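Here is a short report on a protein chain. It moves from the whole chain to the sheet, and then to single residues.

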Amino acid sequence: MGELGHPLFLAISVTIGAALVGGAAAHRLRLPIIVGYIFAGVALSLLNPFLHIDTATVHTVSEFGVALMMFVVGMELSLRDLLRSGGRVALAGTLQILLSILLGYLLMIALGWDWFPALLAGFVVAMSSTVVMIRLYERQGDVGSTASAIAMGIAVTQDISVVVIVGMLPVLADFSPERISALGGTLLRTILVLAGASLLATRLIPALLRHAVQWNSRELFILLAVTLCFGTALGTYALGFSMALGAFLTGLIISESEYSRQIVAEVVPIRDVFAIFFFVALGMLIEPLALVHFWREVSLLLVLIIFGKALLIAALVRMVGFPIRLAVTVGLSLAQIGEFSFVIAEMARTKGWYRNDEYNILLMASVVSLLLSPLLFAFSPAISRWATRFGGRGERFHELREEVQVHRSVMRDHVILCGFGRVGSRVARQLLERKVPVVVIDVDPERIMRARQQGIPTIYGDAESREVLEQANPHTATIAILTMPETNSAMVAARRLKEINPHLTVLARTHEDRKIADLRRCGVDYVVFAEEETAKVIVRLALGSVVRKGEWEG
């Protein structure tokens, strides 16, 4: 028992310890923590002659991490959210996947790769990291912005496409005219899997979850969720698909359940621990000398992943009708390799579809893209403003021409409301209930339509544009309220408004206390710090409650 257990215990303990050190270093350097885990694996591979870690054990445990990771990704997605994001976003996402695959394929063919490894490289390039993308917007305080919603819609489209990609890879690996019938069989099995998933989603799993809730046992509830994850993963594996696909489908099914939030809360800590092994195992497969020997291939692939994909996504988002500023921001936020890319690459390695050097080229380019992604996105406000000035004249004319309801001659003593999202729509409702005239400015056409349906005068355009702001008559307005979540956009809009009317009162909101001084320097008269105001309301209600009970008086 001790002889069998010791190598396992050593492998798990050293892997977790190395991941802790690597993750802490990445966090300190403000890099994606995934990068820290991967470099921890690189360090372990270099030290393994002295440590004698059983690498097979690490890779076996990592399979659990992959399944749980895909399970949670599926639960955090929502088909309803994708449909709400609009067909335009789904169209842009679909075109991005197809064109990225094509560009990756052509690049690797030009570098001398065989057709199937080149095609796999295209699949890897096409995916972006949902986790890293969300963290980038969180760091800038822009979660909930129009740009983040568009980026999430494209990321969801990418994740769903993996269902088809993973199902088709085994057949494509041995593709020949004689294999066309096998391709049809794979399509049939894919349809059966999706039909089975639909049946589970509507019949079995909701009933199981409702029954599990009645047990009133947190432990059994967690066990049921994990059992569903691994059970479906094994079922899809038995049908010839990957276990990751089954886990992802199970998560997607549960995402529509009323218990999904609770399951995510319970499973995420388990997922985080097991996911460590997946990324450390990837790092252990990297040969650092590959970056020296294959620097040309890595550099070209990196240019495609970062700059090529950013430009492609920006062009497609602009093509489906969104402004240049949003398009550039979305493109930069998705210019990296995603979690599913690593799953596809690892699947290709285990199946023997890649040579060792090809695998290392892909892995090195992927890791460097994750390293550079936060640095590139930090410059997104400046880059998007430059792009707007460079190519946005026609766009601004189009925005002004769109306005058909606002008549400048009758706009006086009104409120200019920049942003009609979750906060802005509530502000507008409160003002209208008090008979205060409001003019809404927003860059999202769907929000503009919602405001117009409520009879609110609207201007479609970017609040960072002076020409758009002038249409709202800042000279005769009472106050301008900036409710957009992007603090940088609010700062630019405030400066423009003060340039037009230095006496106009400007109010803005922020989620970051370090941005308050920046907003005030840009001309904002009143800054609402959301967390501070929430704390004040909570304390006021709490104190009012205990005072009514006769406590804490005097």
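Buried residues account for 54% of the 554 residues in the protein chain. The model is a predicted one. Its secondary structure comes to 25 helices and six strands. Take the contacts between residues at least 6 apart in sequence: 74% of them join residues at least 24 apart. The accessible surface of the protein chain is about 26100 Å², and carbon and sulfur atoms hold 64% of that area.

**The sheet**

Six strands make an open sheet. Their order is 3-2-1-4-5-6, and the pairing is parallel. Strand 3 (458–460) and strand 6 (526–529) stand at the edges. Each has a single partner strand, so one side of each is left without a neighbour in the sheet. On average, neighbouring strands of this sheet are turned by 15° against each other, direction ignored. As background, strands of a sheet pair through backbone hydrogen bonds, either parallel or antiparallel.

Helices pack on this sheet. Helix 20 (residues 422–433) touches strand 1 (415–418), strand 2, strand 4 (479–482) and strand 5 (505–510). The direction of helix 20 makes about 160° with that of strand 1. Helix 23 (residues 487–500) touches strand 4 and strand 5. The direction of helix 23 makes about 165° with that of strand 4.

**Strand 2**

Strand 2 covers residues 438–442. With strand 3 it pairs in the parallel sense over three bridges. In this pairing, Val440 stands opposite Thr458 in strand 3. Strand 1 and strand 2 also pair in the parallel sense, over four bridges. Here Cys418 stands opposite Ile441 in strand 2.

Is strand 2 enclosed or open, and why? Five of its five residues are buried, so strand 2 is largely enclosed by the rest of the structure. Both faces are covered. Val438, Val440 and Asp442 are buried on one side, and Val439 and Ile441 are buried on the other.

**Three single residues**

The table lists three residues with their places and relative accessible areas.

| Residue | Place | Relative accessible area |
|---|---|---|
| Ser380 | helix 18 (residues 380–391) | 1%, buried |
| Lys435 | loop between helix 20 and strand 2 | 74%, exposed |
| Asn473 | loop between helix 22 (466–470) and strand 4 | 10%, buried |

Ser380 counts as buried because its relative accessible area is 1%, under the 20% cut-off. Ser380 and Val330 are 50 residues apart in sequence, yet 9.1 Å apart in space, C-alpha to C-alpha.

Now the backbone. Most residues other than glycine have a negative phi. Lys435 is not a glycine, but its phi is positive, about 65°. Asn473 is likewise a residue other than glycine, and its phi is positive, near 55°. Lys435 is exposed, whereas Asn473 is buried.

**Cavities**

Rolling a probe the size of a water molecule over the atoms shows where empty space is left. The count comes to two cavities of 30 Å³ or more. The second largest cavity has a volume of about 40 Å³. Which residues line the second largest cavity? The lining consists of His59, Ser62, Glu63, Phe278, Ala281, Leu282 and Glu346. Helix 3 (55–76) and helix 12 (260–285) each supply at least two residues of this lining.

Conventions:
Residues are numbered from 1 along each chain as its sequence is written. This is a predicted model: local features need pLDDT of at least 70, side-chain atom pairs count only at pLDDT 80 or more; totals for chains, interfaces and linings use all residues. Side-chain values use heavy atoms; hydrogens and water are left out. Two strands pair if DSSP finds at least two bridges between them. Axes are lines fitted to C-alpha atoms, for helices over the stretch in contact, and angles run from 0 to 180 degrees between N-to-C directions. Contact means heavy atoms within 4.5 Å. Buried means under 20% relative accessible area, exposed over 50%, partly exposed in between (1.4 Å probe, protein chains only). Accessible areas come from the Shrake-Rupley method with a 1.4 Å probe; for residues, only the protein chains shown count as cover. On a 1 Å grid over the protein atoms alone, a cavity is a set of points where a 1.4 Å probe fits but cannot get out, and a pocket is an open set with protein on both sides within 12 Å along at least five of seven lines; lining residues have an atom within 4 Å of a point. Grid points are joined across faces, edges and corners, and a volume is the space filled by probe spheres set on the points.
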